[in-house]
Amino acid sequence: MGDLILAQQNHIETDNLTKRFGELVAADRINIEIPKGSVFGLLGPNGAGKSTTVRLLCTLLKPDRGSASVCGYDVVSEPVRVREITGVLPEEGNHTHYETLSAYENLLYFARLYGLEENRAKERIHELLQFMELWERRNDLAGKLSTGNRQRLALCRALIHEPKVLLLDEPTSALDPVAAKRVRKLILDLSAEYGQTFLLNSHNLAEVDRICDHIAIIDEGKILVSGKTDELRNRLRRRQYYRLVIGNEIEAVQDLARDFDFILSVENQGNSLILEIENPRENNPVLLRSLLKKGIDVIELAEEETTLEDLYLSVIKEDLSE
């Protein structure tokens with residue numbers, strides 16, 4: 001089994017992966033490739049198909065058509081192998097414990113379920129509970145823990161058997177900022193040092209922008225765009241958005257900007273305009289000369305830094321307009 005895992009360049013691959021619930025196509029011909037050691041962000045609005053995709057990959061659901069593999073193991077024909085090498089934090093992660101068992105007992109149960117040797121299981125539980133700052137709560141019943149602490153315990157459970165692939169649905173959603181930062185660092189460290197692969201479902205664009213090297217945007221069960229985060233940002237950056245900050249006559253300048261053929265779009269943001277400019281090296285001087293000639297108080301014209309939020313909103317907007 002180890003040789004097969006090492007041979008895989010992509011830890012997750014899907015080919016036209018499809019899942020229907022009656023008339024609803026929750027996952028519609030999903031095609032993604034997630035390289036070994038990657039932190040992959042799956043973004044989309046509620047009901048887009050993110051959780052369905054994760055459930056297909058962790059074998060909780062069977063696809064109606066298409067295929068998927070995790071470290072080379074097919075999710076339909078080799079589900080046990082897939083489960084052995086994956087850790088899962090489902091959408092309802094903080095409700096997946098045995099409430100009448102302590103935090104420690106929950107982790108020991110799952111460690112034994114995954115076949116960890118007893119001494120290693122205890123070492124691993126200690127490591128994880130210490131890291132998640134739950135060691136002092138190890139004897140508390142899981143059902144009595146706070147929502148945030150149950151989420152931390154769920155993350156411990158997902159990591160207990162040192163899986164090759166982790167499928168995490170909103171992993172920091174119930175955590176305080178300090179704990180969320182620790183989890184983000186843990187994800188990056190495990191990816192870099194041990195080649196563990198992460199697929200994160202998230203609504204948190206800032207978090208995904210901070211830690212994901214690959215992303216896909218999904219809506220209505222379809223992947224709209226997928227690739228390396230930097231490359232997708234650069235693709236959007238070619239549109240060349242500029243912020244024009246002016247001290248007077250914002251509405252007049254907005255109307256004036258629309259008269260230039262090289263200004264493709266104008267967005268009013270109060271005391272500034274966001275301009276989409278074609279060939280800015282040649283056309284920005286033309287714009288500035290025109291504005292100054294008309295007595296406009298130009299404070300700044302600067303290129304806008306492209307963010308993941310820009311990409312997300314651009315892709316979703318294009319999808320809605322089709």
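Hi everyone, let's start with a pocket. The second largest pocket in this structure has a volume of about 420 Å³. Fifteen is not a number to memorise, but here is who sits in the middle: of the 15 residues lining that pocket, Arg83, Thr86, Val88, Tyr114 and Arg157 are the closest to its centre. Before I go on, please keep in mind that this is a predicted model.

Which elements supply at least two residues each to that lining? They are α3 (79-84), β7 (86-89), α4 (103-113) and α6 (147-159). Strand β7 gives the most, with three residues. Sorted by class, the pocket lining has eight nonpolar, four polar and three charged residues.

Now for the enclosed spaces. The structure holds four cavities of 30 Å³ or more, and the largest has a volume of about 60 Å³. Ten residues line this largest cavity, and the closest to its centre are Val54, Arg55, Pro90, Glu91 and Asp169. Helix α2, residues 50-57, gives the most to this lining, with three residues. By class, the lining of the largest cavity divides into five nonpolar, one polar and four charged residues.

The second largest cavity holds about 40 Å³ of space. Its lining is Met132, Leu155, Leu159, Leu166, Leu168, Val183, Leu186, Ile187 and Phe198. Two or more of these residues come from each of α6, β8 (165-169) and α7 (177-194), and α7 gives the most, with three. How many charged residues are in this lining? There are no charged and no polar residues there, and nine nonpolar ones. You may remember α6 from the pocket, where it supplies at least two lining residues.

Let's step back to the overall layout. The domain assignment gives domain 1 (10-227) and domain 2 (238-320). Taken over C-alpha atoms, the centres of the two domains are 41 Å apart.

Last stop, a sheet. Four strands form an open sheet in the order β13-β14-β12-β15, with antiparallel pairing. At the edges are β13 (263-268) and β15 (298-303), each pairing on one side only. On average, neighbouring strands here are turned by 20° against each other, ignoring direction. Helix α11, residues 280-293, packs on this sheet and touches β12, β13, β14 and β15. The direction of α11 makes about 170° with that of β15.

Inside the sheet, β12 (residues 241-246) and β14 (residues 272-277) pair in the antiparallel sense over five bridges. If you want one pair to look up on screen, try Tyr242, whose bridge partner in β14 is Leu275. Thanks for listening!

Conventions: Residues are numbered from 1 along each chain as its sequence is written. This is a predicted model: local features need pLDDT of at least 70, side-chain atom pairs count only at pLDDT 80 or more; totals for chains, interfaces and linings use all residues. Side-chain values use heavy atoms; hydrogens and water are left out. Domain bounds come from an automatic or database domain assignment. Two strands pair if DSSP finds at least two bridges between them. Axes are lines fitted to C-alpha atoms, for helices over the stretch in contact, and angles run from 0 to 180 degrees between N-to-C directions. Contact means heavy atoms within 4.5 Å. On a 1 Å grid over the protein atoms alone, a cavity is a set of points where a 1.4 Å probe fits but cannot get out, and a pocket is an open set with protein on both sides within 12 Å along at least five of seven lines; lining residues have an atom within 4 Å of a point. Grid points are joined across faces, edges and corners, and a volume is the space filled by probe spheres set on the points. Ala, Val, Leu, Ile, Met, Phe, Trp, Tyr, Cys and Pro count as nonpolar, Asp, Glu, Lys and Arg as charged, and the others, Gly among them, as polar.
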